[in-house]
Amino acid sequence: MVYQSAKRMKVVIAGGGVIGSAIAFYLTAAGADAVLVERGELAGEASGAAAGLLVPPDRAAAPGPFRDICLASLALYRPVIERVQRESGIDVQCLGAGILIVAQTESRVALLQAHARWQTEHGVPTRWLKRAELSELEPALSPQVHGAAFSEGELNVDPGQVTRAFAFAAKARGADLRTGTMLTGFLGRGSRVTGVSTNLGDIPDADCVVLAAGPWTEALARRLGAKVPTPPRRGQMIAYRADAVRHAIWGEDGYLVPKAGGLLYAGATVEDVGFRKRTTPRALAGLRRMAAVLVPGLRRAQVASEWAGLRPGSPDDLPTIGRLPEKDNVYLATGHFRNGILLAPITGKLISQLIVEGRTDMPLEPFSPARFAA
Ligand SMILES: Cc1cc2nc3c(=O)[nH]c(=O)nc-3n(C[C@H](O)[C@H](O)[C@H](O)COP(=O)(O)OP(=O)(O)OC[C@H]3O[C@@H](n4cnc5c(N)ncnc54)[C@H](O)[C@@H]3O)c2cc1C
């Protein structure tokens, strides 16, 4: 459906994570009225638990829609972050620390050298560093490391601050942010919804509704008769009080990410344990081992905090973005798994385009909720 007058359009968004907040930002920038309902606080779930790396994962190396959407979001990041920081007054602590993907075994050297060439050909300048150059750059790194693919320009952000910056930039343009407000049902009959009910009362007269409720989206879609799997994928992480390294380091079993305030994150597990959002001694011990293998000095470093978050998954590990086939005016944006912080700008832009203009810059078929309908 194409709306002739975006100004009068009212969109209710469920979920105040990075995805719902980015959607609120792009919709208000396009002239729509956005009401964002979040049952807890902004970035209270996965979006506040992430490492904040903006690096397309390995599987984005294969040509296809996943690579396209990762690169499209990366291209949007710097300008949109500058804009939301300015409009919200919130600093997202964007660090251009660069990333070292390290070879801990001889067999990974050729693979990572090829990766460095591929990245460079695709616009992300990456060079291979031999062991000697690497120890000069990061003296604390284990001497067992054989070399690394180094991309100097890669960014990392504070994911909770990015979420709040999107949400408050939207608020500055008139969005209605309602935290502590849980969507409990839908108003209307037939193929259209006309609003939502919440624990604090109804929100009527909506032109459309966007479900961006992370792994809880599946249960909300089920109320509308739709089957959209969004399985939770737990991730655990540790923050050390340490300034041992200056670059993000991606090893064979995990990563280390330097953050503002003298913290160093070590992450992350990927576990299928339902909605049990808690840390476990075994996984934390595994993270500490991984960190100490990469940087032996971390064995003595003080742990500042440990936490777990539930990433929204999907059966094919692709995000789910598009209109729900069962309804004319309900849209979904979830299933971003390990890449929701990276993919937030493009998701916000595409959902906003779909609702306001009835078209999108890139095809959404590969990500459509309809792929689960059968
Ligand atoms: C340990 C870890 C490390 C990660 N590292 C990275 C990384 O480096 N880079 C990257 O790109 N991604 C990373 N991710 C993934 C990223 O965090 C997620 O993909 C992203 O945060 C998902 O955002 P979201 O808004 O879809 O979901 P969420 O953050 O879960 O937000 C959904 C919101 O909906 C709310 N909600 C649920 N039900 C209702 C309801 N009925 N009514 C109202 N509100 C509701 C919830 O309270 C929640 O706040 C990481 C994740 C984890 C756990």
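Helices here are DSSP runs of at least four residues, numbered from the N terminus. With that in hand, let's take a tour of this structure, which is a predicted model.

**A pocket between two domains**

Start with the second largest pocket, which holds about 250 Å³ of space. It is lined by 15 residues, and the ones closest to its centre are L74, R78, V124, G153 and E154. Which helix gives the largest share of that lining? That would be helix 3 (residues 65–88), with six residues. Helix 3 doesn't do the job alone, though: domain 1 (6–89 + 159–230 + 315–372) and domain 2 (99–154 + 231–312) each supply at least three residues to the lining.

As for what kind of residues you'll meet there, nine are nonpolar, four are polar and two are charged.

**A cavity to go with it**

Pockets are open, but the model has closed-off spaces too: the count comes to two cavities of 30 Å³ or more. The second largest cavity has a volume of about 40 Å³. Its walls are made by L53, V55, A97, G98, I99, E154, L155, N156 and A248. By class, that makes six nonpolar residues, two polar ones and one charged one. Keep an eye on E154: this residue lines the cavity, and E154 is also listed among those closest to the centre of the second largest pocket.

**Cysteines without a bridge**

How many disulfides does a search of the whole structure find? Zero. A disulfide is a covalent bond between the sulfur atoms of two cysteines. Take C94 as an example: the closest cysteine sulfur belongs to C70 and sits 17 Å away, so the two are too far apart for a bond. For a sense of scale, the cut-off for a disulfide is a pair of sulfur atoms within 2.5 Å.

**Buried or exposed?**

Here is how three residues compare with the cut-offs, where buried means under 20% relative accessible area and exposed means over 50%.

| Residue | Relative accessible area | Class |
|---|---|---|
| C94 | 32% | partly exposed |
| C208 | 0% | buried |
| A172 | 57% | exposed |

So C94 counts as partly exposed because its 32% falls between the two cut-offs, while C208, at 0%, counts as buried.

A172 deserves one more look. This exposed residue is part of helix 6 (residues 159–172). Follow the chain for 31 residues from A172 and you reach I203, with 21 Å separating the C-alpha atoms of the pair.

Notes:
Residues are numbered from 1 along each chain as its sequence is written. This is a predicted model: local features need pLDDT of at least 70, side-chain atom pairs count only at pLDDT 80 or more; totals for chains, interfaces and linings use all residues. Side-chain values use heavy atoms; hydrogens and water are left out. On a 1 Å grid over the protein atoms alone, a cavity is a set of points where a 1.4 Å probe fits but cannot get out, and a pocket is an open set with protein on both sides within 12 Å along at least five of seven lines; lining residues have an atom within 4 Å of a point. Grid points are joined across faces, edges and corners, and a volume is the space filled by probe spheres set on the points. Ala, Val, Leu, Ile, Met, Phe, Trp, Tyr, Cys and Pro count as nonpolar, Asp, Glu, Lys and Arg as charged, and the others, Gly among them, as polar. Domain bounds come from an automatic or database domain assignment. Buried means under 20% relative accessible area, exposed over 50%, partly exposed in between (1.4 Å probe, protein chains only).
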